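Work through the exercises below with the sequence and the model open. Each task is followed by a solution in steps.

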Amino acid sequence: MMPIPLGIFIILLRKNHYFCTLSITINSLPLWKAVPQPRLLYMDILWFVIGLLLILVGANALTDGASAIASRLGVSDLIIGLTIVAFGTSAPELIVSLMSALMGSPTLAVGNVVGSNIMNVLVIIGVTAMVRPIVVERSVMTTEIPIMIASSVVVLILGNSGWLDGDGENVITRVDGIFLLLALGLFMRHTIISAKDTGAKDAGVASMSTIAHEGEGAVASTKPMAVWKAVAWIVVGLGALVWGGDRFVEGASGIARQLGLSEAIIGLTIVAGGTSLPELATSVVAAIKGKPGLAVGNVIGSNIMNVFLILGLTATVAPLPFGGINNVDLLTLVGASVLFWLVGWLYKERTITRVEGALLTAVYVAYVVYLISQV
């Protein structure tokens, strides 16, 4: 213990109208007030449970609200998943990356995006397919997934920019960030055009269906959700997902530290999983509710936004060095994206089966085992 000079302790004793002063100097005393109180395990468990419940409730509310808006606007679940849901579930990564750049830790932003994108494809698509096989639309196989693969290749190229330029430093510069944001604009333009085309086709199908059933007297449709209610569900769902993910990571990290796990293992597993939990919960709930387009669109849109929006916006704030992110991680990212595209065609065309979902998840487990072995 460090000695603490507390000065002079004065005790006044009054007896027979006389005062006796006793001076005591204490040179050492335990630092009771300086010793932090031990972290309570039950509080970590409580935050862990609360966070998980918020994530599940938020995913359910977000799915219901987004699907209601999609049906009212005549927009497919895939388009809503690629835009509104993808942006909302990417909010944790966006906040973490921007704060990392502003607080002088820009390398964390790159690791956050690369790690989240790998987990999104291998774990979220894998687990969702194991819960319920995912039927993938042909346009997704021919357009959206190739765009996601291209975004992964862009990260691989930027991760080797030092070697390509000959200066030896791999950095996403502000100019690179601006180009990434421009690429995001092109992707959003493509998505909006696709939404208009899909809406026109759906309107034609609905019109033909109405004519075919006219006069049959057996029309029994459910009243669609009000727009204000759908928007409220989306806002509440996104809020619950973001705060729930934060509480989950806080509780899970505390539990891990209580059990004596290293910070490296915590970062590679619990924290990475926590920031991807919104996508996981949303995709699983969407698949259970028979909305495979929303589940797939959520993952693809989130991965594309992670690269073009989060890396682009963060790089304009501060250049992003890759640091410890090497070609093993970047090639794993590209390989995971390509594998996602391949399993959609193999075995059963445009359907990711439970077996293929298990394969994707197993690849992620092998990747994490490799990372842990390098610590």
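**Exercise 1. A residue in a surface patch**

Task: Find whether Ile-95 is buried, partly exposed or exposed, and state which helix holds Ile-95.

Solution.
Step 1. Ile-95 has a relative accessible area of 45%. The classes are buried under 20%, exposed over 50% and partly exposed in between, with a 1.4 Å probe and protein chains only as cover. Ile-95 is therefore partly exposed.
Step 2. The residue Ile-95 belongs to helix α3. Helices here are DSSP runs of H or I with at least four residues, numbered from the N terminus.
Step 3. Ile-95 joins Met-99, Leu-102, Met-103 and Val-317 in a nonpolar surface patch of about 500 Å². A patch takes residues with over 30% relative accessible area and no salt bridge, joining nonpolar side chains (Val, Leu, Ile, Met, Phe, Trp, Tyr) within 5 Å and like charges within 9 Å. Areas come from the Shrake-Rupley method with a 1.4 Å probe; for residues, only the protein chains shown count as cover.
Step 4. Helix α3, residues 91-102, gives the largest share of this patch, 3 residues.
Step 5. The C-alpha atoms of Ile-95 and Val-242 are 9.7 Å apart, with the two positions 147 residues apart along the chain.

The model is predicted: local features need pLDDT of at least 70, side-chain atom pairs count only at pLDDT 80 or more, and totals for chains, interfaces and linings use all residues. Residues are numbered from 1 along each chain as its sequence is written, and side-chain values use heavy atoms, with hydrogens and water left out.

**Exercise 2. A charged pair**

Task: Which residue forms a salt bridge with Asp-64, and how far apart are the closest N and O atoms?

Solution.
Step 1. Side chains of opposite charge can pair when their charged atoms come close. The rule used asks for a side-chain nitrogen of Lys or Arg within 4 Å of a carboxyl oxygen of Asp or Glu.
Step 2. The partner of Asp-64 is Lys-289, with the closest N and O atoms 2.6 Å apart.
Step 3. The two residues are 225 apart and link distant parts of the chain: Asp-64 is in helix α1 (residues 41-73), while Lys-289 is in the loop between α9 (263-288) and α10 (292-317).
Step 4. Asp-64 is partly exposed at 27% relative accessibility, and Lys-289 is partly exposed at 35%.
Step 5. The count by this rule is 1 salt bridge.

**Exercise 3. The geometry of α10**

Task: What span should the 26 residues of α10 have, and where does α10 bend?

Solution.
Step 1. The expected span of a helix is 1.5 Å times one less than its number of residues. For the 26 residues of α10 this should be 38 Å, and the end C-alpha atoms are 36 Å apart, which agrees.
Step 2. At Asn-306, α10 bends by about 35 degrees; the bend is the angle between axes fitted to the seven residues ending there and the seven starting there.
Step 3. In α10, 22 of the 26 residues are buried, and the helix is mostly covered.
Step 4. Leu-313 lies in α10 and is partly exposed, with a relative accessible area of 30%. Its C-alpha atom is 9.3 Å from that of Ser-97, 216 residues away along the chain.

**Exercise 4. Aromatic pairs**

Task: How many aromatic pairs are there, and is the pair of Trp-47 and Trp-243 stacked or edge-to-face?

Solution.
Step 1. Rings of Phe, Tyr and Trp (its six-membered ring) pair if their centres lie within 6.5 Å; planes under 30 degrees apart are stacked, over 60 edge-to-face and the rest tilted. The count is 2 aromatic pairs.
Step 2. Trp-47 and Trp-243 are 6.1 Å centre to centre with 85 degrees between the planes, an edge-to-face pair.
Step 3. This pair links distant parts of the chain, 196 residues apart: Trp-47 in helix α1 and Trp-243 in helix α8 (residues 227-258).
Step 4. Trp-47 is partly exposed at 24% relative accessibility; Trp-243 is partly exposed at 44%.
Step 5. Tyr-364 and Tyr-367 have ring centres 6.4 Å apart and planes at 50 degrees, so this pair is tilted.
Step 6. Both tyrosines, Tyr-364 and Tyr-367, lie in helix α12 (residues 354-373), 3 residues apart, about one turn of the helix. Tyr-364 and Tyr-367 are both buried.
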